[in-house]
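Colleague: I am new to this structure and should like to understand the terms used to describe it. Would you kindly take me through them?

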Amino acid sequence: QVHLVESGGGLVQAGGSLTLSCAASGSMLNIDAIYWYRQAPGLTRELVAYIDSGSSMYSSTYVADSVKGRFAVSRDNAKNTVYLQMNSLKPEDTGVYYCAGVVGFGTNWEYIPDDNWGQGTRVTVSS
C-alpha cells in the first residue's frame, strides 16, 4: 500500500510562487502515475497536472489549460517525490491540493484506489 504526503502549501500573494511536494512511501509497485488535483471551496475537484512514474510504457506529463505556462510537474524517483511548481499564482488558484497514485495509467481501466490519496495541502493566494 502506498502512502502519499503533500507539503509546501501556504499563503502567498498573487504573482508569487510555491512548490508542492508529494512524497510517497510504501509499495509503489502498482503506481503508474501521480495526479495533482485541487479543490476550491464550493467547487468540484479539478485535475491540475499529472506525471507518469516511469514504470509504464507511456511517458508523459500534463498540466491543465487553466494553469498552463504557470505550473510544472516533475518527479525525483530517487526521492519517491513528485513536485508541482506553481508560479504567477492567482487568487483562483486557491484551494486544497491533493496528490493521488494512479493504477493502470493510460489504460481504459485506470483508477485511483481510495487509499492512494494524500491528505491535501492548502494553498491560499491573496489578491
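Modeller: Let us begin with strands E9 and E10, which pair in the antiparallel sense over three bridges. Within this pairing, Gly95 has Val123 of E10 as its bridge partner. As to the basis, this is a predicted model, in which local features need pLDDT of at least 70 and side-chain atom pairs count only at pLDDT 80 or more, while totals for chains, interfaces and linings use all residues. Residues are numbered from 1 along each chain as its sequence is written, and side-chain values use heavy atoms, with hydrogens and water left out.

Colleague: What makes E9 and E10 a pair of strands?

Modeller: Strands are DSSP runs of E with at least two residues, just as helices are runs of H or I with at least four, and both are numbered from the N terminus. Two strands pair if DSSP finds at least two bridges between them. E9 and E10 have three bridges, so they satisfy the rule of at least two.

Colleague: In which sense do E2 and E10 pair, parallel or antiparallel?

Modeller: E2 and E10 pair in the parallel sense, over four bridges. In this pairing Val12 stands opposite Val125 in E10.

Colleague: Which side chains of E10 are called buried, and why?

Modeller: Along strand E10 (residues 121-126), Thr121, Val123 and Val125 point to one face and are buried, whereas Arg122, Thr124 and Ser126 point to the other and are not. Buried means under 20% relative accessible area, exposed means over 50%, and partly exposed lies in between, with a 1.4 Å probe and protein chains only. In a regular strand the side chains alternate between the two faces of the sheet.

Colleague: Why is Gly16 called buried?

Modeller: Gly16 has 19% relative accessibility, so it counts as buried. The residue lies in the loop between strand E2 (10-13) and E3. The C-alpha atoms of Gly16 and Lys90 are 8.3 Å apart, although 74 residues separate them along the chain.

Colleague: Why does Thr19 count as partly exposed?

Modeller: Thr19, found in strand E3, has 35% relative accessibility and therefore counts as partly exposed.

Colleague: How do you know that Glu46 and Arg38 form a salt bridge?

Modeller: A salt bridge is a side-chain nitrogen of Lys or Arg within 4 Å of a carboxyl oxygen of Asp or Glu. For Glu46 and Arg38 the N to O distance is 2.9 Å, so the pair meets the rule. Glu46 is partly exposed at 29% relative accessible area, whereas Arg38 is buried at 6%.

Colleague: Which further salt bridges involve Asp93?

Modeller: Arg38 forms a salt bridge with Asp93, the closest N and O atoms being 2.8 Å apart. Arg38 lies in strand E4 (residues 33-39) and Asp93 in the loop between E8 and strand E9 (95-102), so this pair ties together parts that are 55 residues apart in sequence. The side chains of Asp93 and Arg70 also meet in a salt bridge, at 2.7 Å from N to O. Arg70 lies in the loop between strand E6 (61-63) and E7, so its pair with Asp93 ties together parts that are 23 residues apart in sequence. Asp93 is buried at 0% relative accessibility, and Arg70 is buried at 10%. Arg38, Glu46, Arg70 and Asp93 are linked in a network of salt bridges.

Colleague: Why do strands E1 and E7 count as edges?

Modeller: The open sheet of four strands has the order E1-E3-E8-E7, with antiparallel pairing. Strand E1 (2-7) and strand E7 (71-76) each have a single partner strand, so one side of each is left without a neighbour in the sheet. E7 and strand E8 (residues 81-86) pair over six bridges in the antiparallel sense, and Phe71 stands opposite Met86 in E8.

Colleague: How do the residues lining the largest pocket divide?

Modeller: The lining has nine nonpolar, five polar and three charged residues. Ala, Val, Leu, Ile, Met, Phe, Trp, Tyr, Cys and Pro count as nonpolar, Asp, Glu, Lys and Arg as charged, and the others, Gly among them, as polar. A pocket is an open set of points on a 1 Å grid over the protein atoms alone, where a 1.4 Å probe fits, with protein on both sides within 12 Å along at least five of seven lines; lining residues have an atom within 4 Å of a point.
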